[in-house]
Amino acid sequence: MSSTSLFFLDILKYSLSGICVFFIAYLVIRPYLDQQLKLRLLDIKKDSQGTLLPLRLQAYERLILLVERINPVNLLLRTNTSGLALAEYQHILKAEIRNEFQHNTTQQLYVSGSAWSTVSKIKEDTLVLINNAAQSLSPDAPAIELSKVILNHLTSLENNPYESAAQVIRGDVQQLF
């Protein structure tokens, strides 16, 4: 064999052995690097949880408060004004519910989809309840009659939907811990 052939053969031997050493080192070091990456990601997640958890808890608190404030029992007590016509009182009740909901709209960023959809549904159901109760009365009925119809409907329900919504929210909070 010529010297150039031997030279290229030596280069090939050294190159192959270098590639083998590199490949073995890669296989040995890769699990260590993966472990370090997982630990770093876990630290980042832990730090973000420390910041995010109080915001999420506050959002769930606000949703519970929203459900309580749009509960017709509390809503009717809070907005009780005598001497109003039925249509005026119906408008006040619906505006109060919409304002409460709009005030808490941003909380959906921090809560689960199920909690937010439950709150949205309870808001819509309450608006429908008020509208249906108002339609069942004559337009010249006093506002107190609207209150009576709404409360009678709520007492006829087997399960309190507002308590059920609060239970969904509490269940989500328990999953955080």
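**Entry 1: terms and model**

Before looking anything up, I fixed my terms: a residue is buried under 20% relative accessible area, exposed over 50%, and partly exposed in between. By that scale R69, at 26% relative accessibility, counts as partly exposed. I keep in mind that this is a predicted model, so I looked at confidence before anything else; the protein chain averages a pLDDT of 89, and 98% of the residues score at least 70. Confidence is lowest in helix 1, at a mean of 88, and highest in helix 4, residues 113-135, at 94.

**Entry 2: helix 3**

I turned next to helix 3, which runs over residues 86-103 and has 18 residues. From its first C-alpha to its last I read 26 Å, close to the 26 Å expected at 1.5 Å a residue. I then asked which residues of helix 3 are buried, and found L86, Y89, Q90, L93, K94, I97, E100 and F101. Seen down the axis of helix 3, these buried residues fall within an arc of 130°, so they line one face of the helix. On the face turned away from that buried side I noted the exposed residues A87, H91, Q102 and H103.

I followed A87 a little further: this residue of helix 3 has a relative accessible area of 51% and is therefore exposed, since the cut-off is over 50%. Its C-alpha lies 24 Å from that of K121, and the two residues are 34 apart in sequence.

**Entry 3: salt bridges**

How many salt bridges does a search of the whole structure find? I recorded nine, and looked up three of them in detail, beginning with those that involve helix 3.

The side chains of R69 and E100 meet in a salt bridge, at 2.5 Å from N to O. This pair links distant parts of the chain, with R69 in helix 1 (residues 3-70) and E100 in helix 3, 31 residues apart. Is E100 buried or exposed? With a relative accessible area of 11%, E100 is buried, whereas its partner R69 is partly exposed.

A salt bridge also joins the side chains of E96 and R78, at 3.5 Å from N to O. Here too distant parts of the chain are linked, because E96 belongs to helix 3 and R78 to helix 2 (residues 72-78), 18 residues apart. Both partners count as partly exposed, E96 at 21% relative accessibility and R78 at 32%.

My third pair was R170 with E163, whose closest N and O atoms are 2.6 Å apart. R170 is partly exposed at 39% relative accessibility, and E163 is likewise partly exposed at 34%. Looking at shared partners, I found that salt bridges join R69, R78, E96 and E100 into one network.

**Entry 4: helix 4 and the ring of F101**

For helix 4, the 23 residues should span 33 Å at 1.5 Å a residue, and its end C-alpha atoms are 33 Å apart, which agrees. Its buried residues include W116, V119, I122, K123, L127 and I130.

K123 held my attention, as this buried residue of helix 4 lies over the face of F101, at 4.5 Å from the ring centre. F101 is itself among the buried residues of helix 3. Last, I looked for aromatic pairs and noted that the structure holds two.

Technical notes. Residues numbered from 1 in each chain as written. Predicted model: local features only at pLDDT ≥ 70, side-chain atom pairs only at ≥ 80, totals over all residues. Heavy atoms only, no water. Helix = DSSP H or I, 4+ residues; strand = E, 2+ residues; numbered from the N terminus. Expected span 1.5 Å × (residues − 1). Buried < 20%, exposed > 50% of the residue type's maximum accessible area, 1.4 Å probe, protein only. Arc of directions from axis to C-beta. Salt bridge = Lys/Arg side-chain N within 4 Å of Asp/Glu carboxyl O. pLDDT = per-residue confidence, 0-100. Phe/Tyr/Trp six-rings, centres within 6.5 Å; stacked < 30°, edge-to-face > 60°. Lys NZ or Arg CZ within 6 Å of the ring centre and 35° of its normal.
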